[in-house]
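Here is a short set of exercises to work through at your own pace. Keep the viewer open and try each task before reading its solution.

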Amino acid sequence: MEARFCLRRDTYQCLALAVLLAACGGRATVPTPDLAALATSQAATQQALLPTSTQTATATATETPTPTLTATNTETPTATPTDTPSAPCHRAEFVADVTIPNGIRLNQNQTFTKTWRIRNTGACTWTTGFRLVFISGTNMAAGSSYNLPAGVVPGGSIDLSINMTAPSGVGDYESNWNLRSETGVNFGTGASANTPLSVSIVVSSQAPDAEYDFAANFCSATWANNSGSLPCPGDPNGTRGYVRFTTSAELEHAGEDELMLLLRPNHTSNGFIEGLYPSYQVQSGDRFIGRVGCLADSDGCQLRFVLLYLDSNGDRHSVEDWTEEFDGDTSLTEIDLSPIAGQTVRFILRVEILNTNYADANGFWLLPSIQNP
């Protein structure tokens with residue numbers, strides 16, 4: 001039966017006829033869907049599935065997480081971090097006494113500048129809000145607390161200097177200092193962060209006056225040889241050579257308890273070691289004074305000691321040299337610096353090896369200093 005048949009009858013008749021055809025195996029026509037209405041319905045369903053507040057969901061997704069402090073963290077922490085065994089926050093390593101090695105002899109009331117070089121081995125950055133504070137011994141400084149001059153990230157190093165004055169009384173003195181964080185945490189150096197930075201001096205009315213003391217300031221020099229730059233103080237092990245400071249050593253002619261540098265060139269046929277010191281303005285009447293030789297039990301020692309300087313143009317000039325071997329005698333190094341008075345120069349202490357007895361190339365420079373009577 002065609003569809004136009006239903007158009008000629010009323011609605012009830014058409015419905016009855018459709019039921020009859022279905023019962024007899026006929027097919028009903030499926031209406032074409034309304035796509036616009038379907039899209040509207042789907043949109044309404046999807047809207048019903050969204051969060052009630054999309055603003056809250058967005059804020060959660062873009063919020064910056066709290067940083068986790070690690071050994072490589074270079075950001076200044078904004079809150080007090082929690083230490084862990086693998087990454088303690090506040091810890092330092094002592095690197096060197098840049099000036100005034102422990103045990104140095106000074107005059108009564110002599111002023112000096114103590115400089116420690118330390119490394120940040122903790123997980124947290126040190127800021128200029130951190131302080132160096134006096135904790136025990138004799139406070140030879142004008143104050144008891146000093147701010148760090150610069151920030152130090154984990155792994156970085158810094159030189160900390162304090163102007164001090166030796167006491168008026170003769171004797172042995174020690175001054176101990178710790179670091180203090182912005183939140184009041186006190187810590188020192190070493191694996192347990194409990195070893196203070198210290199300076200120990202011997203005050204004597206017989207200590208020699210010096211315009212500049214090369215032994216006391218040996219780590220303010222840059223040390224190197226033909227194998228590259230060297231640490232200060234150096235490592236006496238190995239074959240690279242080293243420089244170290246001592247106030248007690250057995251020399252080829254006698255034992256000494258004065259300030260001296262121990263120097264060994266690197267183990268090669270043209271080995272040497274030299275230290276380039278900071279700028280110094282030579283005064284009229286200045287004299288370079290010291291004594292050089294070999295250490296005891298160094299029978300094969302044969303060395304050349306050289307005093308040089310760099311002028312303001314960076315040109316090297318040799319002042320004097322002394323050849324030493326193990327023979328029970330030493331040489332006095334006394335040089336009048338008047339020819340370069342008025343110039344600002346950088347002095348160089350150099351030691352060269354003259355044979356192949358590398359293990360015996362152990363020299364000393366006793367009381368190297370500039371004095372002006």
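**Exercise 1. Find the surroundings of Asn176 in this predicted model, leaving out residues up to four places away in sequence.**

Solution.
- Step 1: Start by placing the residue. Asn176 sits in strand β7, which covers residues 171–180.
- Step 2: List what Asn176 touches beyond its sequence neighbours. One stretch is Val133, Phe134, Ile135, Ser136 and Gly137, and the others are Pro196, Leu197 and Ser198.
- Step 3: Decide on burial. The relative accessible area of Asn176 is 10%, so the residue counts as buried, the cut-off being under 20%.
- Step 4: Look for polar partners of the side chain. The side chain of Ser136 makes a polar contact with that of Asn176 at 2.9 Å. A polar contact of 3.5 Å links the side chains of Asn176 and Glu174.

**Exercise 2. Arg264 is buried: which side chain of opposite charge is nearest, and how far away is it?**

Solution.
- Step 1: Locate Arg264 in strand β16, residues 260–264.
- Step 2: Check the charged partner. The nearest side chain of opposite charge belongs to Asp360, 7.0 Å away. A salt bridge needs a distance within 4 Å, so Arg264 has none.
- Step 3: Turn to the backbone. The Arg264 side chain reaches the backbone oxygen of Ala359 at 3.5 Å.
- Step 4: Complete the neighbourhood. Setting aside residues within four places in sequence, the contacts of Arg264 include Pro236, Gly238, Gly241, Tyr242 and Ile273, and also Tyr358, Ala359, Ala361 and Asn362.

**Exercise 3. Work out the strand order of the open six-stranded sheet, and say which strands lie at its edges.**

Solution.
- Step 1: Read across the sheet. The order is β12-β11-β17-β22-β19-β20, with antiparallel pairing.
- Step 2: Find the edges. Strands β12 (228–229) and β20 (316–325) each pair on one side only.
- Step 3: Examine one side of β22. Strand β17 (residues 272–281) pairs with β22 over eight bridges, in the antiparallel sense. Gln281 has Thr344 as its bridge partner in β22.
- Step 4: Examine the pairing with β19. Strand β19 (residues 302–310) is joined to β22 by eight bridges, and the two run antiparallel. Val306 has Arg350 as its bridge partner in β22, while Tyr309 stands opposite Phe347.

**Exercise 4. Which strand gives the most residues to the largest nonpolar core?**

Solution.
- Step 1: Identify the core. The largest nonpolar core holds 69 residues, and Trp126, Ile201, Trp223, Leu261 and Phe347 have the most contacts inside it.
- Step 2: Name the strand. β22 (residues 344–353) gives the most to this core, with five residues.
- Step 3: Check how covered that strand is. Eight of the 10 residues of β22 are buried.
- Step 4: Zoom in on Phe347. Beyond four places in sequence, Phe347 touches residues including Phe214, Leu276, Tyr277, Val282, Leu308, Tyr309, Leu337, Ile340 and Ile370.
- Step 5: Look for a separate core. Another one, of eight residues, lies apart from it, with Tyr242, Met260, Phe364 and Leu366 among its members.

**Exercise 5. Sum up the chain: how many helices and strands are there, and what share of the residues is buried?**

Solution.
- Step 1: Count the elements. The chain has four helices and 23 strands.
- Step 2: Take the burial. Of the 373 residues, 39% are buried.
- Step 3: Consider the contacts between residues at least 6 apart in sequence. Among these, 73% join residues at least 24 apart.

Conventions:
Residues are numbered from 1 along each chain as its sequence is written. This is a predicted model: local features need pLDDT of at least 70, side-chain atom pairs count only at pLDDT 80 or more; totals for chains, interfaces and linings use all residues. Side-chain values use heavy atoms; hydrogens and water are left out. Buried means under 20% relative accessible area, exposed over 50%, partly exposed in between (1.4 Å probe, protein chains only). Lys and Arg count as positive and Asp and Glu as negative; His and the chain ends are not counted. A polar contact is a pair of N or O atoms within 3.5 Å; within protein, one must be able to donate a hydrogen and the other to accept it, and residues adjacent in sequence count only if both atoms are side-chain atoms. Contact means heavy atoms within 4.5 Å. A nonpolar core is a set of buried Ala, Val, Leu, Ile, Met, Phe, Trp, Tyr and Cys residues joined through side-chain atoms within 4.5 Å. Two strands pair if DSSP finds at least two bridges between them.
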